[in-house]
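The exercises below work through one protein structure. Each gives a task, followed by a solution in steps.

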Amino acid sequence: MSTRTASEIRADRAAALGRALTALLAVTAYAVAWLVKRSWRRLLPVYWVAAELAVAWVAGPLGLSWQSVAILALAIAATAAGWRARSRTVRAWRAAIAVVLGGSAVATVAAGGPAALAAHPTLTIALPTLAGVVLGWPWWYHLRQSPPEPEPQPSPAVIDEPAEVAEVADPLTAHWEQRWQTEVVGQGVCTGTTLVKAIEPRPGVTEALVRLSPGTKPGPLFKSGPDVEVALDLNEGAVGWRSTGKTARLRVILVERSHIADGVPWTGPTYANGRLELVRFTDGSPGHWVVSRPGFGVVGGLVVGSIGTGKSRALGALIANLLAGGAQVAVGDPQNGQSLPAWKNVVEYHPGVEATALLGRRVHAEVMRRSQLLADAGVQAFDENDPRVKALGLRTFGVVIDECQLILIPNTPLVALMEQAAETMRKTGVFLILATQLPQMRSLGGSIRLRDALVAGNALVLRLSNRGSGSTILPDDFVGDPFALEPEIDGKTTAGMGYLRHSNRVGMLCRVPHLDEDAVAAAAPRVPVRWNVPEIDPDSPIVLPGHRAPATAGKTATAITPGATSAVDRLRAAFGTGRRTTTTVVEQVAPATPADWVLACLRRGPASAQALLDRPDCPVNQSQLYTLLGRLKDAHRINPPAQRGGPFTIAG
């Protein structure tokens with residue numbers, strides 16, 4: 001057996017420590033380089049202050065003279081003034097930052113370097129930092145602000161496909177091609193792309209055609225908008241992607257002047273040919289909500305937004321457009337008439353949780369009935385102008401349910417019913433629009449199928465304040481970051497701002513028009529709803545097509561083995577082993593209220609609030625559960641936990 005000396009052990013330990021320190025240094029250098037690369041444009045004044053203080057500190061140990069530092073500062077200032085930028089103002093301000101803070105570094109080194117920093121911190125540290133803040137404010141203001149522009153008239157711009165033969169590029173295309181290669185692709189963003197055509201449909205807006213190299217997938221590019229914005233120093237939400245129908249080419253929209261900062265006025269309904277203008281994008285182009293497609297049928301949608309983000313305004317604009325287009329509209333409001341009060345006397349209104357749940361059940365029955373009627377008439381997809389559809393008296397029917405999380409409780413039969421209605425409604429002329437505040441799958445009863453069926457048509461996601469827990473309600477290919485929107489930007493509210501997703505996947509900021517809901521509702525036409533199914537009995541059980549009704553409690557079901565149809569039962573009957581058996585089927589009755597559910601869970605054993613929330617049959621969301629626990633505690637029906645996060649118990 002070989003032995004090692006103490007010196008060999010120490011040498012091995014020193015080598016291992018050296019490798020660890022080298023790896024740590026490499027990781028730190030890579031992280032710092034990545035941070036500087038991604039943020040140097042916006043944090044240039046901050047970096048200059050740090051560089052000035054670092055030079056003044058190391059000048060003493062390194063023996064640098066103030067003349068050497070002055071030459072270095074002049075070289076950097078000249079580079080900042082001559083380096084290509086978006087405008088001459090940016091060049092001049094970069095040079096001003098370099099001259100002021102470079103002069104401060106020269107003065108500090110001439111006064112003694114580290115000794116001057118220790119003896120006069122106010123003059124050598126506080127004043128340069130203050131100068132960096134003062135110089136940085138116009139810099140940051142220039143990067144984040146856009147001059148106001150008059151509201152443009154929406155005029156769709158079409159980019160002609162570039163010819164395959166080599167042609168002389170126009171100056172605008174040449175300019176943006178160079179910027180795209182240098183500032184975007186050169187920074188590691190959108191690699192494998194080449195800008196081949198650019199036009200300027202209106203001032204401050206550039207629409208470009210981007211060609212993908214072989215092997216480049218368009219999917220990741222749809223989500224690269226924020227990276228392009230940082231590379232080009234554009235405001236947030238100023239880059240949008242649109243598909244051209246060809247996998248090798250994409251359209252990218254670059255907005256340098258936003259047209260929605262001051263809000264979008266309501267100009268009246270715009271419903272035409274199954275589409276309506278619901279929002280306005282930052283480039284001034286309209287954002288359409290698709291109701292129906294020729295030869296395809298109708299599609300629904302999903303509206304998500306936190307409290308005070310303009311969700312009710314968006315639903316009001318939707319309802320006004322649908323009524324103007326002659327569509328029948330029914331509204332379900334689980335909050336007893338508080339969600340959309342302006343539309344109570346205009347459309348068929350169902351206030352309350354029970355009434356909204358019955359509306360969902362009746363919609364499912366309507367979808368199934370229409371499917372049978374259209375199939376008997378030989379209609380493959382709903383078209384309101386089809387003579388056969390007119391003969392049946394069927395019209396487009398939209399159902400809007402606000403605060404849907406109050407009725408779509410996970411693991412309840414109503415969720416399965418709404419799933420089936422959303423999946424089969426396309427060819428029947430009935431479409432669902434669900435709205436919720438919480439960006440979690442629990443808001444849709446935890447049903448991914450229901451989410452996919454809705455967002456396959458439209459998804460309007462306004463500002464969100466809390467990601468919540470669990471899986472998100474946003475589509476997997478959603479473009480944009482609604483969580484990054486602040487309540488105010490530059491002193492202006494962002495209520496009504498968000499992202500609209502449809503087949504083109506435009507990942508650009510948009511704003512809902514600001515409308516007076518009471519006035520719009522009063523001017524909207526009245527379109528009565530014609531049902532083809534009767535009202536639903538509240539006491540009747542929920543039964544999906546193809547399923548049997550559940551047995552009632554206390555009744556018995558009799559099964560005769562010889563009459564069974566399975567092979568095993570027939571074999572038993574042949575040998576005489578079949579006999580009449582009686583099986584008692586007991587229906588499990590769910591608690592009547594969430595409070596009864598909480599008490600029933602705690603009777604089985606102590607449980608924390610998080611444990612109750614994690615149960616798949618929890619009938620309330622997080623905030624509602626904590627409110628309910630507080631009420632039960634104040635009523636002395638449960639005992640609070642001994643420590644934070646501990647279990648609750650039944651009182652007495």
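**Exercise 1.** Is Asn 411 buried or exposed?

Solution. The model is predicted, so local features are taken only at pLDDT of at least 70 and side-chain atom pairs only at pLDDT 80 or more, while totals for chains, interfaces and linings use all residues. Residues are numbered from 1 along each chain as its sequence is written, and side-chain values use heavy atoms, with hydrogens and water left out.

Step 1. Take the classes: buried is under 20% relative accessible area, exposed is over 50%, and partly exposed is in between (1.4 Å probe, protein chains only).
Step 2. The relative accessible area of Asn 411 is 58%, so Asn 411 is exposed.
Step 3. Place the residue: Asn 411 sits in the loop between strand 12 and helix 13. Helices (H or I, at least four residues) and strands (E, at least two) are DSSP runs, numbered from the N terminus.
Step 4. Check the backbone: Asn 411 is not a glycine, yet its phi is positive, about 65 degrees.

**Exercise 2.** Describe His 636 in the same terms, then give the totals for the protein.

Solution. Step 1. His 636 belongs to the loop between helix 19 and strand 22 (638–639).
Step 2. With a relative accessible area of 66%, His 636 is exposed.
Step 3. His 636 has a positive phi near 60 degrees, in a residue other than glycine.
Step 4. Overall, the protein has 19 helices and 23 strands, and 42% of its 652 residues are buried.

**Exercise 3.** How many salt bridges does a search of the whole structure find? Examine three pairs.

Solution. Step 1. The criterion is a side-chain nitrogen of Lys or Arg within 4 Å of a carboxyl oxygen of Asp or Glu. The search finds 11 salt bridges.
Step 2. One of them joins Asp 170 and Lys 197, at 3.8 Å from N to O. This pair links distant parts of the chain, 27 residues apart: Asp 170 is in the loop between helix 6 (121–144) and helix 7 (171–184), and Lys 197 is in strand 1 (residues 193–202). Asp 170 is partly exposed, at 27% relative accessibility, and Lys 197 is partly exposed, with a relative accessible area of 27%.
Step 3. Asp 402 and Lys 311 form a salt bridge at 3.4 Å, N to O. Their separation is 91 residues, with Asp 402 in the loop between strand 12 (397–401) and helix 13 (413–424) and Lys 311 in helix 10 (residues 311–324). Both Asp 402 and Lys 311 are buried.
Step 4. In the pair of Arg 370 and Glu 366, the closest N and O atoms are 3.0 Å apart. Arg 370 and Glu 366 are four residues apart in helix 11 (residues 353–376), so about one helical turn separates them. Arg 370 and Glu 366 are buried.
Step 5. Look for shared partners: Lys 311, Asp 402 and Glu 403 are joined into one network by salt bridges.

**Exercise 4.** Classify the packing of two helix pairs.

Solution. Step 1. Axes are lines fitted to C-alpha atoms, for helices over the stretch in contact, and angles run from 0 to 180 degrees between N-to-C directions. Angles under 35 degrees count as roughly parallel, over 145 as roughly antiparallel, 65 to 115 as roughly perpendicular and the rest as oblique.
Step 2. Helix 7 packs on helix 9 (residues 225–232) at about 105 degrees, the axes being 9 Å apart. Helix 7 and helix 9 are therefore roughly perpendicular.
Step 3. Residues in this contact (heavy atoms within 4.5 Å) include Trp 176 and Trp 180 of helix 7 and Val 228 and Leu 232 of helix 9.
Step 4. For helix 17 (residues 594–604) and helix 19 (residues 622–634), the axes come within 11 Å and cross at roughly 75 degrees. Helix 17 is thus roughly perpendicular to helix 19.
Step 5. Pro 594, Ala 595, Val 598 and Leu 599 of helix 17 meet Leu 625, Leu 628, Leu 629 and Leu 632 of helix 19.

**Exercise 5.** Which cysteine sulfur is nearest to that of Cys 601?

Solution. Step 1. A disulfide is a pair of cysteine sulfur atoms within 2.5 Å, and the count is zero disulfides.
Step 2. The nearest sulfur to Cys 601 is that of Cys 618, 8.1 Å away, and Cys 601 is in no disulfide.
Step 3. Cys 601 is buried, with a relative accessible area of 6%.
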